[in-house]
Amino acid sequence: MASYDRPRAGGSPRPLETGDTWWYAAVAGEAAGSFSTRVRTRTRRGSLGAVLLLTVTYAGLVLTATGRRWSDAALTGRRADTAAATLLREHPSLAGLTTGSLVAGSVLLLAVGLIRKRYALTGIAAGTVVTALALTGLLQRYAPRPRLADAGGLLSSGFPGAQTTLALGIAFGLVLVVPYRLRSIAVGSAALWAAAVGAYTIAAGQHRPGDVIAAALLVLAVICGLLAFLARKGRVRPGPRRGPALPGLPATVPLALLAVAGLGAGLWLLGDTLALPAAAPYDPAELRLAHRCGQALAAGVTAAAALLLLGLLRRVDVDGAPAAYRLGGPFVEAAGVPGDDQVVGPFTEDLDHEIS
């Protein structure tokens, strides 16, 4: 039960005022509790769904020979992809830029929360990033990893990818510290940056596509589990009816296009790239196709995870005090027009209509 749902003196979720009735107090408390329950239910399902997909990804790309062969082909195919190889060769500063952006993103996440004096939420957001990184380290250390098909100059790969975990942890942590009206634009823009970080790690040979996909699912599971916990503690409230959808379109529209195009192209190419021969040598064209397929799938899953999080938090505000209750009903003249963030009850404040 949420903190603002617990009965106080007289069994009401708030001190009784003139015109209130015990029946209204019970209905108002039930309405607020139902909202918290709905948020907790859908975020918990989102967390469990992400864990299930993470398990399927691990089983398919790590434990099966076909998945390991495809992952190795996607990793080594970066050399056959002349576009990616040329970009990395002509812009060696991308490595430092990626590392610098991760540091800057971490500082930005903490700075926004501290400047807005959301100290508790800032700590929770930082805890989300730390938890995701800790789980990533445990999986990298104890989960079996595929061997590299070509050890020439390639770094050892980890499952999931730490860079993508950090980038998406920062992006999803902004949900807790940015104002409600700026949530879509902030999280959407940060998710696009996280997708670019994941794409760079694949192109640079640091991680396989499955590592980036696993990182996105892991961070989604952690943040959804945290939001379910906050909803259980009554730290969520209904957001305004006029939400952040329209101001966030410059970020959410490219994010949606990336999710659709990435998943569509990746799944379409996956059927052709899975039919690789059991042993090397491989055709360079097949390697290049596998690399592009992996890039598309990784970017699509990253964008889809961000869109799913924004969808789960539609009209849900975690930044602010619980919603105030307000009497309303068929006598609009007496009750007045309810606010966007108020729970409306079945009665009016007109004393002539009070039920005794």
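Guide: A helix here is a DSSP run of H or I with at least four residues, and helices are numbered from the N terminus. The model is a predicted one.

Visitor: In which helix is the place of Ala195?
Guide: Helices are DSSP runs counted from the N terminus. The run that covers residues 183–203 takes in Ala195, and that run is helix H7.

Visitor: Does Ala195 count as buried or exposed?
Guide: The cut-off for buried is under 20% relative accessible area. Ala195 has 9% relative accessibility, so Ala195 counts as buried.

Visitor: Leaving aside neighbours within four places in sequence, with which residues is Ala195 in contact?
Guide: Contact requires heavy atoms within 4.5 Å. One partner lies 63 residues away along the chain, with its C-alpha atom 9.4 Å from that of Ala195. Once the sequence neighbours are set aside, the contacts of Ala195 are Leu258 and Thr302.

Visitor: How are H7 and H10 oriented, roughly parallel or roughly antiparallel?
Guide: The axes of H7 and helix H10 (residues 284–312) come within 9 Å and cross at roughly 160°. Angles over 145 degrees fall in one class. H7 and H10 are therefore roughly antiparallel.

Visitor: How many residues of the contact of H7 with H10 are charged?
Guide: On the H7 side the contact includes Arg183, Ser184 and Ala195, and on the H10 side His291, Gln295 and Thr302 are among the residues met. Arg belongs to the charged class, whereas His does not. Besides ten nonpolar and five polar residues, the number of charged residues is one.

Visitor: What is the handedness of the crossing of H4 and H5, left-handed or right-handed?
Guide: The axes of helix H4 (residues 94–115) and H5 come within 8 Å and cross at roughly 165°. H4 and H5 are therefore roughly antiparallel. Their crossing is right-handed.

Visitor: How many charged residues has the contact of H4 with H5?
Guide: H4 contributes Leu109, Leu110, Gly113 and Leu114, and H5 contributes Tyr119, Thr122, Ala125, Ala126 and Val129. Gly counts as polar. With seven nonpolar and two polar residues in this contact, the number of charged residues is zero.

Visitor: Is the pair of Tyr58 and Phe159 stacked or tilted?
Guide: The structure holds one aromatic pair. Planes under 30 degrees apart count as stacked and those over 60 as edge-to-face. The ring centres of Tyr58 and Phe159 are 5.4 Å apart and the planes stand at 55°, so the pair is tilted.

Visitor: How many residues apart in sequence are the parts that the pair of Tyr58 and Phe159 ties together?
Guide: Tyr58 is buried at 19% relative accessible area, and Phe159 is buried at 4%. Tyr58 lies in helix H1 (residues 22–63) and Phe159 in the loop between helix H5 (119–142) and helix H6 (162–177), so the parts tied together are separated in sequence by 101 residues.

How values were computed. Residues numbered from 1 in each chain as written. Predicted model: local features only at pLDDT ≥ 70, side-chain atom pairs only at ≥ 80, totals over all residues. Heavy atoms only, no water. Phe/Tyr/Trp six-rings, centres within 6.5 Å; stacked < 30°, edge-to-face > 60°. Helix = DSSP H or I, 4+ residues; strand = E, 2+ residues; numbered from the N terminus. Buried < 20%, exposed > 50% of the residue type's maximum accessible area, 1.4 Å probe, protein only. Axes fitted to C-alpha atoms, helices over the stretch in contact; angles between N-to-C directions. Parallel < 35°, antiparallel > 145°, perpendicular 65-115°, else oblique. Left-handed = near helix turned anticlockwise from the far one by under 90°.
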